[in-house]
Structures are given as structure tokens and as C-alpha cells.
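Colleague: I'm new to this one, could you walk me through it?

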Amino acid sequence: MGQPTASRGRPATPTLGKAMLNKYARAFFTRVLTPFAAFLIRRGVSPDTVTLLGTAGVIAGALVFYPRGEFFWGTVVITLFVFSDLVDGNMARQMGRSSRWGAFLDSTLDRVADGAIFGGFALWYAGGGNDNVLCAVSIFCLASGQVVSYTKARGESIGLPVAVNGLVERAERLVISLVAAGLSGLHTFGVPGIEVLLPIALWIVAVGSLVTLIQRVVTVRRESAEAEAAAAADTAPGDSARNSEATS
């Protein structure tokens, strides 16, 4: 779930693990996890296996704990499996592997993990949380996150750079949501009033995702217009010369 780019052969995309660890402690955790990654390699474990297990752990943490309102423990489980973001990439670097398949698997499972997290929130608010509005907001966060990712991938697939940094991209969506969920879970340990953090975070993610989607759609529209104008300008001189020859 989220190998570093050089090892997995895809453009730079912030993963959950990198978002939570890179800025402050990625170098430290890389040094710590390198021996563990080497041990897994010696045992015949592949980076793809670690990716699959990491995603399975995130799904379990989200869909087992969150629908029951156990946000603290669910976030703890998810955070533990976030370290797979560093382990699988470390393994791939040590093995000298770079593959399109790894990039595809990585990106696909990222979407699955995202869906599980926000799906877990939606299940809680549809059940024990008893809040249809927040259930709808959670579903919107789930759907908009998938569409935001799709707009960039689709734009790039038709040859556009999609050169925009959205207001709330994948890393921001997940870090905001998971931190708020973990803190909200402290309510079960007697911390008063803290459970409001998750609803606030979900609204922030929902609005931010909508803004990001609009930013990407506007960017793709502008870039496509520029590309078509450039293509028309390139063909215009040739057309003019052919028309001139035809009338002479």
C-alpha cells in the first residue's frame, strides 16, 4: 500500500505512510525498518505481499472497529499497518525492482483502503452513531476522494500534465480524518467533548475534496484548450501552404 516512487516505477504520489512519516521521521524509520525489510526478503516475502497485507490491515482496522465506534483502536491498527508503506518500498529498493505491475497494484489498493476508512465512518453514523447527515458526508468523502484521484489519472492518460496541487489531496484527506478519529476515540477513555473532532474533520475533508475536484476539472479544461490551440497552430501553416498550391 504505497511504495516509494523510485522502487515501484510510478510518478510521485503522496501515500498515507509517507504523509504521516516523511516530514519528520521518514529517514529514521527507514533506517529502523531496513533490517526488517532485509529479513523479509531473506524469507522469500515479496514487496507485493507486504502491500497486500498492509492494505488488509487497514481494511480490518477500518471495517471492524469504526462501525462499532471504536475510533481509537481502529486508528491504532490502521497506523500500525501504515508502516507497510515504508517496508514494501524499502524491500523493492533493496531488490532493485521497478515494475508497472507494482505501481498499478499500489495505486489500486490505495483506493481500496481509502474506501474502507470512509466506509467505516459511514457505517458508524448509519448505525450506532445515528446521524444520517454525517453518514452522507462520509459517503461524499469516499466518493469525492475516488473521483479526485480519477480526474488526475484520466487527465494524464489523455496526455495532459494536470499541473495542479489541490487544496485537499489524498494524504491530507486521510491524515486529517485519521488524526481526528483517533483523538475522538479518546472519548471512551473519559476525555470530554473530544468526539466532535471527527464530524468537524469530515466536513473539512468534504469541502476540501469538492474544492480540489473543481480545481482539477478547471485545470484539465484549461490544459486541454491550450493543447488543442497549440495543435491547431502547428497544422495551420501547412494547411495554408496546401491551399495556396491548390489555387495557383
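Modeller: What follows is a short talk about salt bridges and backbone angles in this predicted model.

Colleague: How many salt bridges does the structure hold?

Modeller: The structure holds 7 salt bridges, and one of them joins Asp-114 to Arg-170, with the closest N and O atoms 2.8 Å apart. That pair links distant parts of the chain, since Asp-114 is in helix H6 and Arg-170 is in helix H8, 56 residues apart.

Colleague: Are Asp-114 and Arg-170 buried or exposed?

Modeller: Both Asp-114 and Arg-170 are buried, and they are linked with Asp-110 and Arg-111 in a network of salt bridges.

Colleague: And what about Glu-156, which residue does it form a salt bridge with?

Modeller: Glu-156 forms a salt bridge with Lys-152, where the closest N and O atoms are 3.6 Å apart, and both residues lie in helix H7, 4 residues apart, about one turn of the helix. Glu-156 is partly exposed because its relative accessible area is 38%, and Lys-152 counts as partly exposed at 25%.

Colleague: Switching to the backbone, where does Asn-130 lie?

Modeller: Asn-130 lies in the loop between helix H6 and helix H7, and its phi is near 50 degrees, a positive value in a residue other than glycine. Most residues other than glycine have a negative phi.

Colleague: Why does Asn-130 count as exposed?

Modeller: Asn-130 has a relative accessible area of 65%, and exposed means over 50%.

Colleague: What about Val-162, is that buried or exposed?

Modeller: Val-162, in the loop between H7 and helix H8, is buried, with a relative accessible area of 1%, and Val-162 has a positive phi of about 50 degrees although it is not a glycine.

Note on methods. Residues are numbered from 1 along each chain as its sequence is written. This is a predicted model: local features need pLDDT of at least 70, side-chain atom pairs count only at pLDDT 80 or more; totals for chains, interfaces and linings use all residues. Side-chain values use heavy atoms; hydrogens and water are left out. Helices (H or I, at least four residues) and strands (E, at least two) are DSSP runs, numbered from the N terminus. Buried means under 20% relative accessible area, exposed over 50%, partly exposed in between (1.4 Å probe, protein chains only). A salt bridge is a side-chain nitrogen of Lys or Arg within 4 Å of a carboxyl oxygen of Asp or Glu.
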